[in-house]
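Please look through the structure shown below alongside its sequence. The report that follows takes up helix packing, then the sheets, and then the empty spaces.

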Amino acid sequence: MARPQREIRAAYADSTITVYQAYAPEIGLPAVQESRFPAAWKRDRMTWIKPSFLWMMYRCGWGAKEGQETVLAVEISRDGFEWALRHACLSSYVRGVHPDRAAWQRQLKRAPARVQWDPERDLHLQPLAHRSLQLGLCGEAARRYADEWTVAIRDVTPLAHEIHALVNSGDLASAARLLPRERPYPVEDELLGHLRG
């Protein structure tokens with residue numbers, strides 16, 4: 001069976017889902033130590049969370065990009081994640097999904113969350129045919145993410161470096177075995193219908 005063009009794939013348990021972010025050490029390390037985001041983490045800014053480990057690796061250059069040296073696996077409640085999806089708007093206008101561009105702009109302005117579908121990545125960080133979810137949180141959603149939904153925060157920078165070293169050495173099989181186990185996230189069609197774009 002062909003993989004859907006847009007599908008949420010993630011590591012998840014009964015009540016939590018893992019998303020990824022990368023920060024400078026002065027934000028990332030205290031977040032890991034306290035298992036919550038520090039006061040220096042700006043709750044009034046848009047923050048993007050990614051359920052795909054490899055898309056995060058593409059974004060942060062395996063934890064080598066400046067300001068993204070600490071890669072975090074953030075375990076959040078599935079209730080919170082689904083609240084964000086329910087209240088999200090697509091980050092760009094899509095004919096047929098939105099009545100018109102003005103209606104989309106009004107919705108985007110009010111929405112506390114945004115969805116963007118970007119090409120998933122392989123171990124070489126090359127784009128694949130199917131797309132991966134990026135979820136932008138602002139306002140109420142960002143505050144809830146930091147202060148209510150977050151259950152645990154782990155530093156996965158060493159894992160990112162280990163997988164990257166294996167990819168560079170050509171040992172893709174070993175690299176693939178270390179990847180977090182991501183599988184299709186069970187979400188009702190009504191929850192994603194307005195976000196498929």
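## Helices, sheets and spaces

In this predicted model, the axes of helices H3 and H5 come within 10 Å of each other and cross at roughly 175°. Because angles over 145 degrees count as roughly antiparallel, H3 is described as roughly antiparallel to H5. On the side of H3 the contact is made by Gly 80, Trp 83 and Ala 84, while H5 contributes Glu 140, Ala 141, Arg 144 and Trp 149. Sorted by class, the contact of H3 with H5 has four nonpolar residues, one polar residue and two charged residues.

Each of these two helices also lies across strands of a sheet. H3, which spans residues 78-86, lies across E2 and E4 and runs at about 90° to E4. H5, made of residues 139-149, lies across E3 and E7, and its direction is at about 85° to E7.

**The three-stranded sheet**

The strands E2, E4 and E8 form, in that order, an open sheet with antiparallel pairing. Its edges are formed by strand E2 (16-23) and strand E8 (150-155), each of which pairs on one side only. On average, and with direction ignored, neighbouring strands of this sheet are turned by 25° against each other. Strand E4, covering residues 70-77, pairs with E8 in the antiparallel sense over five bridges, and Ala 73 stands opposite Arg 154 in E8. Helix H1, which comprises residues 25-34, packs on the sheet and touches E2, E4 and E8, with its direction at about 45° to that of E4.

**The four-stranded sheet**

A further open sheet is built from four strands in the order E3-E7-E6-E5, and here the pairing is mixed. Strand E3 (47-49) and strand E5 (88-90) stand at the edges with a single partner strand each, so one side of each is left without a neighbour in the sheet. From one strand to the next, the twist averages 40°. Within this sheet, strand E6 (residues 113-121) and strand E7 (residues 127-137) run antiparallel and are joined by eight bridges. One position can be followed in detail: Pro 119 has Arg 131 in E7 as its bridge partner. Helix H4, formed by residues 101-110, lies across E5 and E6 and runs at about 140° to E5.

**Pockets and a cavity**

The table lists the volumes of the spaces, together with the classes of the residues that line them.

| Space | Volume | Lining by class |
|---|---|---|
| Largest pocket | About 380 Å³ | eight nonpolar, four polar, four charged residues |
| Second largest pocket | About 190 Å³ | five nonpolar, two polar, five charged residues |
| Largest cavity | About 50 Å³ | three nonpolar, three polar, four charged residues |

The largest pocket is lined by 16 residues, and of these Ala 22, Tyr 23, Arg 45, Met 46 and Thr 47 lie nearest its centre. At least two residues of the lining come from each of E2, E3 and helix H2 (53-60), and E2 gives the most, with three residues. The largest pocket thereby draws on both sheets, for E2 is a strand of the three-stranded sheet and E3 is a strand of the four-stranded sheet.

For the second largest pocket, the elements that give two or more residues to the lining are H2, E6 and E7. Its lining consists of Arg 3, Arg 9, Ser 52, Phe 53, Leu 54, Glu 120, Arg 121, Leu 128, His 130, Leu 179, Pro 180 and Glu 182.

The structure also holds one cavity of 30 Å³ or more. Which residues line the largest cavity? They are Glu 7, Ile 8, Arg 9, Pro 51, Ser 52, Glu 120, His 130, Arg 131, Ser 132 and Leu 133. E7 gives the most to this lining, with four residues. Several of the names recur elsewhere in this account: Arg 9, Ser 52, Glu 120 and His 130 appear in the lining of the cavity and also in that of the second largest pocket, while Arg 131, a lining residue of the cavity, is the bridge partner of Pro 119.

Notes: Residues numbered from 1 in each chain as written. Predicted model: local features only at pLDDT ≥ 70, side-chain atom pairs only at ≥ 80, totals over all residues. Heavy atoms only, no water. Pairing = 2+ DSSP bridges. Axes fitted to C-alpha atoms, helices over the stretch in contact; angles between N-to-C directions. Contact = heavy atoms within 4.5 Å. 1 Å grid on protein atoms, 1.4 Å probe; cavity = no way out; pocket = protein on both sides within 12 Å on 5 of 7 lines; lining within 4 Å. Points joined across faces, edges and corners; volume = space filled by probe spheres on them. Nonpolar A, V, L, I, M, F, W, Y, C, P; charged D, E, K, R; others polar. Parallel < 35°, antiparallel > 145°, perpendicular 65-115°, else oblique.
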